[in-house]
Amino acid sequence: MEQICLQYTTNPQRGKNMFVLGMLGWLYGQDLDLAREQVSFTFRTKSKDILNRNLQLLEAGHEWSGQNLDFRFEIASAPREEAQIVVNGNTALALGIMASGMEICAMYPITPATSASHYLSEMFENVGGMVHQAEDEIAACAFAIGASYAGKCAVTITSGPGMALKQELIGLAAMAEIPLVIVNVQRGGPSTGLPTKVEQGDLLQAMFGTHGDAPKVVMAAATVEDCFYQPIAARKIAEAFNLPVILLTDANLATAQQPFTRPRLRKEWFAAPIDQSAIPEGERPYDWDPTTGLRRRFTPGQPGGMHTLTGLAHDRYSRVAYDPASNEDGLRHRSLKLAAFQKTLTAPAVFGDPDGDLLVVGWGSTKGVIEEAVEQLRSEGRRVGALHLTYLQPMASGIGEILKRFRQVLSVEMNWSDSVETSQTTLDNRRYSNLAWLLRARYLIDVDCWSEVQGQPLKPRTVAQAMRNKLKQGVARV
Amino acid sequence: MFNPIETLIRSVTDIDADPYSLGDFLGVDSRWCQRCGNNAILTAVQKLCAEEQLAPEKTVFVSGIGCSSRLPHYMGTYGFHALHGRALPVAEGIKIRRPDLHVFVTTGDGDCCSIGAGHWLHAIRYNMNITVLLHDNQIYGLTKNQVSPTSPRGLVSNTSPHGASLDPLNPLAATLGMSNISFVAQAVDWVPSVLYDVIEQAFHHRGLSFVCIMQRCPNYLPDHFEEYIKNPDRLVLLTHARGLQVEESIARRFKHREEHDPADLDRARELSMPRDRIPLGILYRNPEVLCYEDVRSGVEHLSVAERMAALEREFDKFTVDAASPQG
């Protein structure tokens, strides 16, 4: 290939990408017109000579493949009726944050979350917001909390290690009931781990990372499109229920490009100016509704609403209160909010068979892979389905019933779980995958798990094989 | 949120409104020990709020954790009693969102100079318009008598039973060593008039004003500051036409006075270094330093329609349809 490239360029290191693009065009039976047009557009600011050489390389790759390769794939392109947006997950996340009406994003550089902040830093001020690069992860979270307290909900973007550092402040947001959105673009852990590689290892951290009982909503994006829409939902939930909302994406979604239908922006996403009306006399900052736990948030600037917010146990006046009754009163009402929010959720649809021998449960970026594996097994005559969860905390009603419709349930995740049968591991000491723990605890169902933590996306054929093993021998990993 | 017309109307109507009295700035009763120096600081800021007629709903006291950080509860304003060491970044978030609010931070030597030390240096660099009061009692009081970063070497405490092994951190010198500093002053709780004057000037300074206050802890270090209280020889009062101007009745209590121009950073640094006498007054002031909120005010100046249009233009960049692949 280098030899051929040398005909057009002095440095084949810089030309072979165009050659390979031409090869791919031939392999997938695509005509080159679209590629020519896009290459011309990309190099529009370069000289005619550079453009021509790139086009020649493109065609050379195409021609070489026709002469030398004895295989090609026919994948019919699916024309879409509506305009599509093509971005990676981190760009979609940044677009979603801008569309959510949130105006302040505080962050500290961390891989693989930074590219979202890069794009936000470039664009946010055009849309009436700003990115604050704080001195550390803790300060970024504190800054976002301060901004949220004084106005609209703010967001902080991070990855696993930064998430660990923010935990005490997430507890403060839960305790003082300040809306806050925390995005965790997950990477391999623990410690510095695999900074650029994918893992789904932070679900339990998101759920239980804070000391004490700190109710928060945990949701996960499965697609690039989710990365756009979930920040909008997250802000709405955070402000409606006055609590932290953790949004989990991962290193795969961060860089994966997937098209999705161009969103139609809605005015209400941006709305909600800060309430500065006077607080009626007698209204207290923590007048919790006895059935929903909700209360009106007092924002600085509101006459008559003066009080001191505190991370200490407090009574309904927000006064520090150490008495046993006040402490439980607060705990109960903060917990109640999750129950109230849960009532608004509906269980996701089951992919594949609605009941049968095996249900695979997943969350996050593995959705496509799992569904492909399920399709494969169904084509082999198996009765299997997949359930993919967006809301991990709280979980929608009806999930337990879905699990019970299948003979066996298997979670498929990209985080560590022990194999069942080793010299040391038994069912007594087995450590399960993140979601498997949660499902077992909540639904009292013997949910098995299969996981791979190689820092790589899962492959449909390995998931399919795990499913076959599970169906045949009752154990997914053999 | 912030509606300029509404604010204007309010400011006009405020002229006729009843002025706020000291009572408007009282919160719940203080739980500090009797004779605690924090009480003097509380009195000073309550008086400041009343004198300056700050609307209680437009004023926020932010604190971390420690004895000092209980102060917001004792105010009649908005308050945010945050986490240990984190008062400054919380206050910065409030200020960036709401430059219309008066933001104060009350913090202690442990809160600011130990667990929150990183935030302290960066807060100075951001130079947001916030008044920071460092209550420096040189001991951990709330957690009951542990050595603090500002405790003198040899101090016996529960965690230094054989005496503190290190020389103390000097908050004044450390602050004056930073870049972007704009206001640095020192006061002591037992000279209330100077304490008030310093806080008042700090409040009027536009930028981050850092006031180090030597504060007595009668419970754990009852005699710690006695030598300074009993022997005015140990203090030097800094006065200047552009700095503190003290009435003669007060000034004559100080044996040592120095005309110190707050623009003179070199002299301020000299004064801050450990020596026989500690300086009281304004060490440094530079009103020219840029405020972070002035250069980063991207928030809420666009209408919803403008914001939606800007975002649509972003979508255009990434939109693919058959007609034009590059969008």
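Trainee: Which backbone nitrogen does the side chain of B:N129 reach?
Mentor: This is a predicted model, in which local features need pLDDT of at least 70 and side-chain atom pairs count only at pLDDT 80 or more, while totals for chains, interfaces and linings use all residues. Residues are numbered from 1 along each chain as its sequence is written, chains are lettered from A and ligands numbered from 1 in the order written, and side-chain values use heavy atoms, without hydrogens or water. B:N129 sits in the loop between helix 5 (117-126) and strand 4 (130-136) of chain B; helices (H or I, at least four residues) and strands (E, at least two) are DSSP runs numbered from the N terminus. At 3.2 Å, the nitrogen reached by this side chain is that of B:G207.

Trainee: How far apart in space are B:N129 and B:G108, C-alpha to C-alpha?
Mentor: Beyond four places in sequence, B:N129 is in contact with B:K95, B:V103, B:H205, B:R206, B:G207, B:L208 and B:E293, where contact means heavy atoms within 4.5 Å. B:G108 is 21 residues from B:N129 in sequence, and the spacing is 20 Å.

Trainee: Happy to move on to B:H81. Which side chain of chain A does the side chain of B:H81 join in a polar contact?
Mentor: Start with strand 2 (residues 78-81) of chain B, where B:H81 lies. Its relative accessibility is 2%, so B:H81 counts as buried (under 20% relative accessible area, with exposed over 50% and partly exposed in between, using a 1.4 Å probe and protein chains only). Residues touched by B:H81 include A:T308, A:L309, A:G311 and A:L312. The polar contact (N or O atoms within 3.5 Å, one able to donate a hydrogen and the other to accept it; sequence-adjacent residues count only if both atoms are side-chain atoms) is 3.3 Å long and made with A:T310.

Trainee: Which residue of chain B has a side chain in polar contact with that of B:H81?
Mentor: From chain B, B:H81 touches B:S63, B:G64, B:I65, B:S69, B:R70 and B:H73, among others. The side-chain polar contact, at 2.9 Å, is with B:H73.

Trainee: What percentage of the residues in chain B are buried?
Mentor: Chain B has 12 helices and 12 strands, and its C-alpha trace spans about 85 × 50 × 40 Å along the principal axes. Among contacts with a separation of 6 or more, 68% join residues 24 or more positions apart. Of the 327 residues in chain B, the buried share is 56%.

Trainee: Now helix 5 of chain A: how many of its residues are buried?
Mentor: At the start of this helix, a side-chain oxygen of A:N88 comes within 3.1 Å of the backbone nitrogen of A:N90. The helix is followed by A:G101, which has a positive phi near 85 degrees. Helix 5 (residues 89-99) of chain A is largely enclosed by the rest of the structure, because its buried residues number 11 of the 11.

Trainee: Is helix 5 of chain A roughly parallel or roughly perpendicular to helix 10 of chain A?
Mentor: Their axes come within 7 Å and cross at roughly 25 degrees. The contact is made by residues including A:G89, A:A92 and A:L93 of helix 5 and A:V224, A:C227 and A:F228 of helix 10 of chain A. Angles under 35 degrees count as roughly parallel, over 145 as roughly antiparallel, 65 to 115 as roughly perpendicular and the rest as oblique. The pair is therefore roughly parallel.

Terms used: Axes fitted to C-alpha atoms, helices over the stretch in contact; angles between N-to-C directions.
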